[in-house]
Amino acid sequence: MAKKPPRDDVGDQDLTVRAPKDSAAGLPGVMHGLRAAGAQMGVRRSALTLLKMNQADGFDCPGCAWPEPLPAHRTHFEFCENGAKAVAEEATLRRVTPAFFAEHAVADLAARSDYWLGQQGRITEPMVKQPGATHFTPIGWDEAFALAAGHLRAIEPDRALFYTSGRTSNEAAFLYQLLARAYGTNNLPDCSNMCHESSGVALNSTIGMGKGSVTLEDIHRAKLIAVVGQNPGTNHPRMLSALETAKRNGAKIISVNPLPEAGLMRFKNPQQVGGLVGGGTSLSDLHLPIRVGGDLALFQAIGSLLLSWGRVDESFVSSYTVDFEAYAESVRELDWDLVATATGLTRDQIEAAARLFAGSPATIVCWAMGLTQGRDSVATIREVVNVQLLRGMIGLPGAGLCPVRGHSNVQGDRTMGIWHEPPSWLARLGDSLSLAMPSRRGYDTVEAIRAMRDGEATVFMALGGNFAAASPDTEVTEAALRSCALTVHVSTKLNRSHVVTADPQTVLILPCLGRTERDTQLAGDQFVTVEDSMSSVHASRGRLDPAAPSLRSEVAIVSGLARHLLPDSTIPWETYAQDYRSVRALIADTIPGFDDFEAKVREPGGFTLPHPPRDSRRFPTPDGRARFTANTLAVLTIPPGRLLLQTLRSHDQYNTTIYGLDDRYRGVRAGRRVVFVNPDDLSELGLADGTMVDLISEWADGERVAESFRVIAYPTARGCAATYFPEANVLVPLDSTAAESNTPTSKQVVVRLRPR
């Protein structure tokens, strides 16, 4: 039987700390996932739902974007512990009704924790907080659309912001960008701006494609896999199965991360007897406990060693690349003292990694937020590309570049045009609809916050996500949201962004269907599509009855708002809402690679989009060649008594959604306000394990404070610390961003610890 939502907000009052784990998944992972599902959905509903998850005739996990195996190779249990938790959160039997909002004033909700808000359940009716009101009250769909449209028509289009979360389907995302551009703006900030924007900028400028160049089959065939700045055991658990397959096929694995993570030490595959009752599979052959931000220096050093050893694929370099000599000159005379300072590694450790690169005939480098959220993230990823180009590791089976996206359709949203830059195909879309498209560059996420803060944007709409919790510089972000005349949130559940409000502001909450739910429109039951981290596009079909009869799909919500906002438009919004085949037909006519979209996506497992560097070693750069780059190595100077902080997820968390208060693999139970620090650093700072401290970040415009964190002595890299977001987002300055990508530097915050 499902459990009722928590009534009290317990915080960290029962926090305990134990020794961290040295293995991931196994029987404990199975039990924790099923227990979470049962608590939210009940036993029978859990079984019916989980067995359809990531199946060819089922729904795509609303969690991470790791791909599924080909349909013939899938088991009946294609989900992980955190995937089960993600589905449980969406398919929960808990409900947030108008009676709940009548009981809880906005001020009451604003005082609650993110965990408590999320645990209350699914929102059942459109709700509005009117100017001067103390509570949210119900509102009809047409009235809500008319209210939002009235605000939007009263301003210039570039004063409105249309934010998108990575869980949005391809069909909804395509219509959403069409709505924004038909209205007259490219203000389409999205969650990519805060995560893999650095990857897109680096890859576009070097190989001509902003996406990874591998498939799941390549992972299985690789002979060396470097997992850099990534913790798959928590953030992409199904990746561990792929790493295990590669390992059994003879691959070596390097893990590069400031913290040792259980998932990269040993994996106990819950779908195998040995994983449930045996010792599992040891994954990492070499772990490099790198200093935060040291990855650029590491890959420059690896490149320098490969050059000095003559381990260069000269045929590939001469046939497919440019600017090799400038790159080679930049790394030949590398300052190894600077490399040691930047990485915290010994030369022997770096040479051990370089020897693995030198000896591998098929190498893949995977990365995530550890590489993308630092000051020099774009340059770092370019250095990763340099090493792969040196060895000719693009366009070979089992080789390539693999940015691992952390949200189920964040890559698909960008493919669909969710971007503050006008996509290359925008003119074609405008011509097909006889519509003039805006050409001015829009605001990215950081620029959107500044625009709201400065009064240059006054309407904010979010298609999914939790903008207030996900964004940097929490106090600045929340003040920016409060300054808007209207905020609109298309959501399944209650979150922090809904309750960040101030008079005379209007707030709309528009509840939508989830991935697990049946989507029935005038033309019958519909399906949507998503794109995973490896450019595979496939269908997702919900099977559960909607949480409430009044819920609408994201496609229907976007189309409904469009009809009210653009009443004279010739765009057939009603047709799009009635039959998603019409949306896919427009996508097929507009976006390269989607020809025969409807037929291809109806095949079991869908289809993979073309990727010229991967498919045929063709590089869609201006000169048709991949580009080596020379990047400056500049080590961030940390004043005495300070640490370099990175924010990360707990194991009981998915982005800003808090499933529970435990981080089982790191030994944390019943709490989240903890900071992991190397024991030697604690000794130098005169702090004991268990001390309560405030975290204070230091930036040019002043200090920011996150109060009351328990120090945990932990084997992280010297000079570094780690803690959870969103609690620590308050410490990330809005103006501290990566060069070129403008991504917030959530992995590179200078802090000091102040005892309480």
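# Close-up views of a predicted model

**View 1. Asp663 and Arg666 form a salt bridge.** The closest N and O atoms of the pair are 2.8 Å apart. The structure shown is a predicted model. Asp663 counts as buried, at 1% relative accessibility. Arg666 is also buried, with a relative accessible area of 3%. Both values fall under the 20% cut-off for burial. Across the whole structure, a search finds 54 salt bridges. Some of them join into a network, which links Glu81, Lys85, Asp652 and Arg664.

**View 2. Lys493 and Glu89 meet in a salt bridge.** The closest N and O atoms lie 2.6 Å apart. Lys493 sits in the loop between β17 and β18 (506–511). Glu89 belongs to helix α3 (residues 81–90). The two parts are 404 residues apart in sequence, so the pair ties them together. Lys493 is buried, and Glu89 is buried as well.

**View 3. Arg414 and Glu197 pair across two helices.** Their side chains form a salt bridge at 3.0 Å, N to O. Arg414 is in helix α21 and Glu197 in helix α9, so the contact ties together parts 217 residues apart in sequence. The partners differ in exposure. Arg414 is partly exposed, with a relative accessible area of 22%. Glu197 is buried, at 7%. The cut-off for burial is under 20%, so Arg414 does not count as buried.

**View 4. Helix α9 (residues 197–206) is mostly covered.** Seven of its ten residues are buried. They are Glu197, Ser198, Ser199, Gly200, Ala202, Leu203 and Thr206. The cover over these buried residues includes β14 (363–367), α19 (369–372) and α20. It also includes β15, α21 (410–415) and β24 (626–627). One of the buried residues, Glu197, has the salt bridge to Arg414. An α-helix has 3.6 residues a turn, so residues three or four places apart point the same way. Gly208 follows α9, and its phi is positive, near 85 degrees.

**View 5. His489 is in strand β17 (residues 486–491).** His489 is buried, with a relative accessible area of 3%. Its side chain makes a polar contact with the side chain of Thr487, at 3.2 Å. Setting aside neighbours within four places in sequence, His489 is in contact with Phe460, Ala462, Ser497 and His498, among others. The contacts of His489 also include Val507, Leu508, Ile509 and Leu510.

**View 6. Arg391 occupies the loop between α20 (377–390) and β15 (400–403).** Arg391 is buried, with a relative accessible area of 11%. The side chain of Arg391 reaches the backbone oxygen of Ser360 at 3.0 Å. Not counting residues up to four places away in sequence, Arg391 touches Leu306, Arg311, Asp313, Phe357, Ala358 and Ser360. Arg581 gives a distance reference for this site. Arg391 and Arg581 are 44 Å apart, C-alpha to C-alpha, and 190 residues apart in sequence.

**View 7. The largest nonpolar core has 62 residues.** Those with the most contacts inside this core are Phe162, Phe174, Leu178, Leu429, Trp573, Tyr576 and Phe594. Helix α8 (residues 170–183) gives the most to the core, with ten residues. A second, separate core has 55 residues. Met209, Val256, Leu288 and Tyr327 are among its members.

**View 8. Trp573 is among the residues with the most contacts inside the largest core.** Leaving out neighbours within four places in sequence, Trp573 is in contact with Leu175, Leu178 and Leu179, among others. Other contacts of Trp573 include Ser559, Ala562, Arg563 and Leu566.

**View 9. Leu27, Met31, Leu276 and Val277 form a nonpolar patch on the surface.** Together they have about 360 Å² of accessible area. Helices α1 (26–41) and α13 (273–277) each supply at least two residues of the patch. Leu27 lies in α1. Leu27 is partly exposed, with a relative accessible area of 42%. Patch residues need over 30%, so Leu27 meets that cut-off.

How values were computed: Residues are numbered from 1 along each chain as its sequence is written. This is a predicted model: local features need pLDDT of at least 70, side-chain atom pairs count only at pLDDT 80 or more; totals for chains, interfaces and linings use all residues. Side-chain values use heavy atoms; hydrogens and water are left out. Patches are made of residues with over 30% relative accessible area and no salt bridge: like charges are joined within 9 Å, nonpolar side chains (Val, Leu, Ile, Met, Phe, Trp, Tyr) within 5 Å. Accessible areas come from the Shrake-Rupley method with a 1.4 Å probe; for residues, only the protein chains shown count as cover. A salt bridge is a side-chain nitrogen of Lys or Arg within 4 Å of a carboxyl oxygen of Asp or Glu. Helices (H or I, at least four residues) and strands (E, at least two) are DSSP runs, numbered from the N terminus. Buried means under 20% relative accessible area, exposed over 50%, partly exposed in between (1.4 Å probe, protein chains only). A nonpolar core is a set of buried Ala, Val, Leu, Ile, Met, Phe, Trp, Tyr and Cys residues joined through side-chain atoms within 4.5 Å. Contact means heavy atoms within 4.5 Å. A polar contact is a pair of N or O atoms within 3.5 Å; within protein, one must be able to donate a hydrogen and the other to accept it, and residues adjacent in sequence count only if both atoms are side-chain atoms.
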